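Q: I should like to learn how to read a ligand site in a protein model. Where should one begin?

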Amino acid sequence: MSAPNKSYDPVEVEALKPEEIDRATEEALAAVAAAGDLEALREVKVAHAGDRSPLALANREIGALPPHAKAEAGKRVGQARGAVGKALKARQEELERERDERVLVEEAVDVTLPYDRRPAGARHPLTTLSERIEDVFVAMGYEVAEGPEVEAEWLNFDALNLGPDHPARTMQDTFFVRGQAGSPREEDSGVVLRTHTSPVQIRSLLARELPVYVICPGRVYRTDELDATHTPVFGQVELLAIDEGLTMADLRGTLDHMVRALFGEGLGTRLRPSYFPFTEPSAEMDMVCFVCRGASVGDPDNPCRTCSSEGWIELGGCGMVNPRVLTACGVDPERYSGFAFGFGIERMLMFRHNVEDMRDMVEGDVRFTRPFGMEI
Ligand code: DAH
């Protein structure tokens, strides 16, 4: 900076010439307007309003002017710096506002999006189907009853009128946990993996007050190899109703209702004579095919895969509970009667959903279960 000089004319000092001040101001204002973001504006501020900017340097020259010249030069430079400062501030505010708006849009969080994007998985269709069947009966006033899978041989066979030398006993290929080959009493009975859910009938009659209306879903075991149509572990659902005055007509009506609730209105059922030691009389129960409704029978042009063009689908065994079973459970067969029904749910799932291989149902592959979804 130069020392005061009386003969010094501000207009002679290059930096203080009005054109120079105007030029520097215009350049500064143009640069401010052109700054596209806050970073660029920061640089503009350093270049045009910083210590080494033309206007700051001009300002420094004022000190060396004679007193009479200082006021005018000071006013000019002051106005110029003021204008640049004001423009900087306005542009700064504008750019900050733009940035805030952009950030609000770009960084917005959609709080309605699911927080957990892992696939939801699915329930096993056997569980879902079993619960659907239970629901049908619970709606009719039945209770769900369960029993152990490791069962007393007496409950699995003897109490169900399957004595030690009963020929039907060998029909069910049994896993023995502790073999005893038949026993007249529960206490010294052998132990088996239950071969059917029918022992839950006995448990229910022994444990409950009459009348008894129970539905018993559960897993059962037989010494079969696992292949497309067999599995050593499978599910059954057992039905038992014991009351005064129950007849086969009640059984029939109950089964009709179940079939319609599970497969649709208007589907008929039929009973075919059969034999089970624990029911008398006994029957196999069929339902009209819910796909072709019998139309495929004798029509080779329209075969039905679901019923193999038979028109009927076999569901399970049923009958009026044998009085010997009631007696074994301490129930008076002169006063009480009732019916029972038992069927496998794997088979029902297979024809209901066109599952062709039993192994798909036991291997636990999510690709099998996922299409069935999460119905609960
Ligand atoms: N327990 C029989 C089985 O597993 C199925 C069965 C048949 C159950 C007739 C019943 C019935 O309740 O009445 O082969």
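**Domains and ligand site**

A: Begin with the division into domains. In this predicted model, the protein is divided into domain 1, residues 10-106, and domain 2, residues 125-372.

Q: How far apart do the C-alpha centres of domain 1 and domain 2 lie?

A: The two C-alpha centres are separated by 94 Å.

Q: Which pocket does the ligand take up?

A: Compare the space taken by the ligand with the pockets of the protein. Here that space is the largest pocket.

Q: Which residues around the ligand come nearest?

A: Consider the shell of residues having a heavy atom within 4 Å of the ligand. There are 16 residues around the ligand, and those that come nearest are His196, Ser198, Arg222, Gln236 and Glu238.

Q: Which strands supply at least two residues each to that shell?

A: Strand 6 (233-244), strand 9 (312-321) and strand 10 (336-344) each do so.

Q: How is the shell composed by class?

A: The shell around the ligand comprises nine polar, five nonpolar and two charged residues.

Q: Which polar contacts does the ligand make, given a cut-off of 3.5 Å between N or O atoms?

A: Treat side chains and backbone separately. Among the side-chain contacts, an N or O atom of Glu238 is 2.5 Å from a ligand oxygen, and an N or O atom of Gln236 is 2.9 Å from a ligand oxygen. On the backbone, a polar atom of Phe341 is 3.4 Å from an oxygen atom of the ligand.

Q: How much of the ligand's accessible area does the protein cover?

A: Take the area that the ligand has on its own as the reference. That area is 350 Å², of which the protein covers 91%.

Terms used. Residues are numbered from 1 along each chain as its sequence is written. This is a predicted model: local features need pLDDT of at least 70, side-chain atom pairs count only at pLDDT 80 or more; totals for chains, interfaces and linings use all residues. Side-chain values use heavy atoms; hydrogens and water are left out. A polar contact is a pair of N or O atoms within 3.5 Å; within protein, one must be able to donate a hydrogen and the other to accept it, and residues adjacent in sequence count only if both atoms are side-chain atoms. Accessible areas come from the Shrake-Rupley method with a 1.4 Å probe; for residues, only the protein chains shown count as cover. On a 1 Å grid over the protein atoms alone, a cavity is a set of points where a 1.4 Å probe fits but cannot get out, and a pocket is an open set with protein on both sides within 12 Å along at least five of seven lines; lining residues have an atom within 4 Å of a point. A molecule sits in a cavity or pocket if more than half of its atoms lie within 2 Å of its grid points. Helices (H or I, at least four residues) and strands (E, at least two) are DSSP runs, numbered from the N terminus. Ala, Val, Leu, Ile, Met, Phe, Trp, Tyr, Cys and Pro count as nonpolar, Asp, Glu, Lys and Arg as charged, and the others, Gly among them, as polar. Domain bounds come from an automatic or database domain assignment.
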